[in-house]
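Work through the exercises below with the sequence and the 3D view at hand. Try each task before reading its solution.

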Amino acid sequence: MKTTQISDALAASRGQVQLSGDHTPETAAYAELLLSSLQDGVLSAEERADLEQLARTQGVSAEDIHDVHQALITGLADLVIDSGRVPRSERQELIKVAEQLGIDQKEVVTASKQAEIRRFTRLSAATKPLPPGWRLGEPLRVGDRVAFTGDAGDRDRQEADAARRGLRVTGSVSGRTDVLVWDGEMVGGKLSKARTHGTCIVAPSEFDLLLANLQPSLDMAPPSHSPVGRSTKTASAREQHISAGERAAAAPPHSAPKPADVREWALENGISVAERGRLSTSLVERYLAAQEQSSSIDQ
């Protein structure tokens, strides 16, 4: 039988469940049996009967049982959320386990949110202040939402790094998206929405630099960190830095260059370019600049 993240977490949780209230030998015994019974994610009728029998013989009250169940869901939420990227199927399985324990879906959502806050707090505490002379404008912060478009070659690695460091990696762009990482070639719905919402657009190389200097969430930033942030910077300060990705994406959607046109222009101007694959952002910028200069001369 194929294991899931939840079943692995249940196995790993044995002995790690933090019980609320007094941690008595009786409630610990109940928790141990519960974890053992839930290793396959399902409480059978026989397992429920064994738990009820243990509770009666050990004098574990209904309130104590509820505390153990809540503690288990909290522990599972911490373990699952800590991975950074939690598929919907895993959340659904967490809800399934909770329902078997008499924990409703709202409590699961609350536990997951609290687990995320604990994770962001921990990751924020591990960040370092921005280096002196930082010139890349607004930094990325723990908890920021980032989306990717196109195939930058290192996209899988960047998405995994972003999730591991505490960014929310999303599959779409909305008004809540903080950064879109654009490969300089793919022109699609995400890029169009980013332009519409005024989302910061960066090249993959810029994203690596931003991620390397990730800052704490504004709600969790210690006094030693720079106060620079999206909620405190002025518009004029924001405009002082325009990323290479934003410059390349600044043109209206209909004027975005076709890769074939960029390659043809590059070859005509003695610039080495591969026949296939991703075009560098710098090459796209040079092409757009040349087109703008040519248009000015024609006028």
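The exercises concern a predicted model and treat a sheet first, then a helix.

**Exercise 1.** Find the order of the strands in the open sheet of 4 strands, and say which strands stand at its edges.

*Solution.* Step one: read across the sheet, which gives β2-β1-β3-β4, with parallel pairing. Step two: look at the ends of that order. β2 (168-170) and β4 (200-202) each have a single partner strand, so one side of each is left without a neighbour in the sheet. Step three: compare directions; neighbouring strands are turned by 30° against each other on average, direction ignored.

**Exercise 2.** Describe how β3 is joined to β4, and name the helix that lies across both.

*Solution.* Step one: strand β3, residues 179-182, runs parallel to β4, and 3 bridges join the two. Step two: pick out a facing pair; Leu180 stands opposite Ile201 in β4. Step three: add the helix. α8 (residues 189-197) lies across β3 and β4 as well as β1 (145-149), and it runs at about 140° to β3.

**Exercise 3.** Describe helix α6 from its start to its buried residues.

*Solution.* Step one: α6 covers residues 105-125, and its 21 residues reach 30 Å from first C-alpha to last, close to the 30 Å expected at 1.5 Å a residue. Step two: at its start, a side-chain oxygen of Asp104 comes to within 3.1 Å of the backbone nitrogen of Lys106. Step three: list buried residues, among them Val108, Ala111, Ser112, Ala115 and Arg119. An α-helix has 3.6 residues a turn, so residues three or four places apart point the same way. Step four: find the partners; the buried residues of α6 pack against α4 (62-81), α5 (88-100), α7 (155-165) and β2.

Methods
Residues are numbered from 1 along each chain as its sequence is written. This is a predicted model: local features need pLDDT of at least 70, side-chain atom pairs count only at pLDDT 80 or more; totals for chains, interfaces and linings use all residues. Side-chain values use heavy atoms; hydrogens and water are left out. Two strands pair if DSSP finds at least two bridges between them. Axes are lines fitted to C-alpha atoms, for helices over the stretch in contact, and angles run from 0 to 180 degrees between N-to-C directions. Contact means heavy atoms within 4.5 Å. The expected span of a helix is 1.5 Å times one less than its number of residues. Buried means under 20% relative accessible area, exposed over 50%, partly exposed in between (1.4 Å probe, protein chains only). A polar contact is a pair of N or O atoms within 3.5 Å; within protein, one must be able to donate a hydrogen and the other to accept it, and residues adjacent in sequence count only if both atoms are side-chain atoms.
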